[in-house]
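Dear colleague,

Please find below the structure that I am handing over to you. The notes that follow it set out what was found, for a reader who has not yet worked with it.

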Amino acid sequence: MDDFELDERKIRILNAIIRNYLETGEPVGSRTISKYTDLNLSSATIRNEMADLEELGYILQPHTSAGRIPSDKGYRFYVDHLMEEKNREVAEMKQFVIEHTERVDQVLQQVAKMLANNTNYATMVTAPSYHQNKVKFIQLSHVDAEQVLAVIVTEGNLVKNKIIPVSEPIDNETMLKLNILLNSSLNGLALQEINLATIAKLKEQAGIHSDIISNVLDTVAETMGPDEDIRVYTSGTTNFLKYPELSDSEKASELISAFEEKQQLVSLVSEHLSEENTGIQVYIGDESPIQTMRDCSVVTVAYELGEGVRGTIGIVGPKRMDYEMVMDNLKVLKKSLDGMLNRPRGKT
């Protein structure tokens, strides 16, 4: 028979039998299920349902016990439905992220909360900032006789405008020459590649208009420099109290303070973001750059919303954390967030 033969009550009882058996390794009786579930059913009713499940081939009774254990068919039903549920959660999370690209902060707060709920560990997610970004183009244009507008666009399509004062009006020919000079010298360069020699040559070629070049370079540095005020969203700090090795009052206080004050977290993620490696990083115990986390494991991964627009997702828990589950969660979120700014609106 097909799976539609199971109504909701039978499915919940079957799930309870399987979860209990997975935890204990012992055959499961009706009295155990009556305590284990929130069905509020009598043992007699549960026995009848279990008899039906046995007749349908989802559970079986070992000869030496009054309890039941899952059959291969029962395990298959449980795993298939578990996978459907997890796939649905992933799809919902991905759709949530895509539909809220204009409200990235709210999305990342929600991501931190969902991740904490899914893993039972503490989580942190940083708002995206701009790293290893390159100049796409620069445009100078007239505002009036005393001011010029500089527009700097980087590869992540970050746009910065700055009004630059000028001592005397600039004619159209000079403005064109300055635009050609700036773009031919700076386009395609990251901030780290704009060295003193490049700056000196630019100023020399600009002649009496070197002050404009200086102002443009300052704006480029502001636009592409490291973001010192990285926003960090956290969730699940009370999860530390679930683990005896971290729930000591002094340790728990230090860990929760680190998450509340966030400055130490910023130093951790800044170090990660400065690295070229965007894969999963695992810091175990003393490997952690944060002293207060020496009794923890920290697992992080960088996500990239668009070219050069990067942030970090991190999970902090005991050294005996479920590393496989943590990595799976991080991979799913990274995949959902990567390239989000480059996707056509409304498409996955």
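**Lysine 113 and its surroundings**

Lysine 113 has its place in helix H5. Please bear in mind throughout that the model is predicted. With a relative accessibility of 47%, lysine 113 counts as partly exposed, because that class covers values from 20% to 50%. Which residue, 122 positions away along the chain, has its C-alpha atom 5.3 Å from that of lysine 113? The residue is serine 235.

Helix H5 spans residues 104-119, and the loop between H5 and strand S3 (122-126) holds asparagine 120. The phi of asparagine 120 is positive, at about 65 degrees, although the residue is not a glycine. As a general matter, most residues other than glycine have a negative phi. Asparagine 120 has a relative accessibility of 34% and therefore counts as partly exposed.

**The chain as a whole**

The chain has 348 residues, of which 43% count as buried. It contains 11 helices and 11 strands. If one takes the contacts between residues at least 6 apart in sequence, 60% of them join residues at least 24 apart.

As to confidence, the mean pLDDT of the chain is 79, and 81% of the residues reach 70 or more. Among the elements, the highest mean pLDDT, 92, belongs to strand S1 (residues 59-60). The lowest, 63, belongs to strand S4 (residues 129-130).

**The sheet S5-S6-S7**

An open sheet is formed by 3 strands in the order S5-S6-S7, with antiparallel pairing. Its edge strands are S5 and S7 (159-165), each of which pairs on one side only. On average, neighbouring strands of this sheet are turned by 20 degrees against each other, direction ignored.

The details of the two pairings are as follows.

- Strand S5 (residues 135-144) and strand S6 (residues 147-154) run antiparallel and are joined by 8 bridges. The two strands form a hairpin, with 2 residues between them. Histidine 142 has valine 148 in S6 as its bridge partner.
- Strands S6 and S7 also pair in the antiparallel sense, over 7 bridges. Here valine 151 has asparagine 161 in S7 as its bridge partner.

Which helix lies across S5 and S6? It is helix H6 (residues 172-186), which runs at about 160 degrees to S5.

**The packing of H1 and H3**

Helix H1 (residues 8-24) packs with helix H3 (residues 43-55) at an angle of about 85 degrees, and their axes are 10 Å apart. H1 is therefore roughly perpendicular to H3, since angles of 65 to 115 degrees are classed in that way.

On the H1 side, the residues that take part in the contact are Arg9, Lys10, Ile13, Leu14 and Ile17. On the H3 side, they meet Thr45, Ile46, Glu49, Met50, Asp52 and Leu53. Sorted by class, the contact of H1 with H3 has 6 nonpolar, 1 polar and 4 charged residues.

**Points to look at in the model**

When you open the model, you may wish to begin with lysine 113 and serine 235, whose C-alpha atoms are separated by 5.3 Å. Asparagine 120, with its positive phi, could follow. The antiparallel sheet in the order S5-S6-S7 and the contact between H1 and H3 would then complete the tour.

With kind regards

Technical notes. Residues are numbered from 1 along each chain as its sequence is written. This is a predicted model: local features need pLDDT of at least 70, side-chain atom pairs count only at pLDDT 80 or more; totals for chains, interfaces and linings use all residues. Side-chain values use heavy atoms; hydrogens and water are left out. Two strands pair if DSSP finds at least two bridges between them. Helices (H or I, at least four residues) and strands (E, at least two) are DSSP runs, numbered from the N terminus. Axes are lines fitted to C-alpha atoms, for helices over the stretch in contact, and angles run from 0 to 180 degrees between N-to-C directions. Contact means heavy atoms within 4.5 Å. Angles under 35 degrees count as roughly parallel, over 145 as roughly antiparallel, 65 to 115 as roughly perpendicular and the rest as oblique. Ala, Val, Leu, Ile, Met, Phe, Trp, Tyr, Cys and Pro count as nonpolar, Asp, Glu, Lys and Arg as charged, and the others, Gly among them, as polar. pLDDT is the predictor's confidence in each residue, from 0 to 100. Buried means under 20% relative accessible area, exposed over 50%, partly exposed in between (1.4 Å probe, protein chains only).
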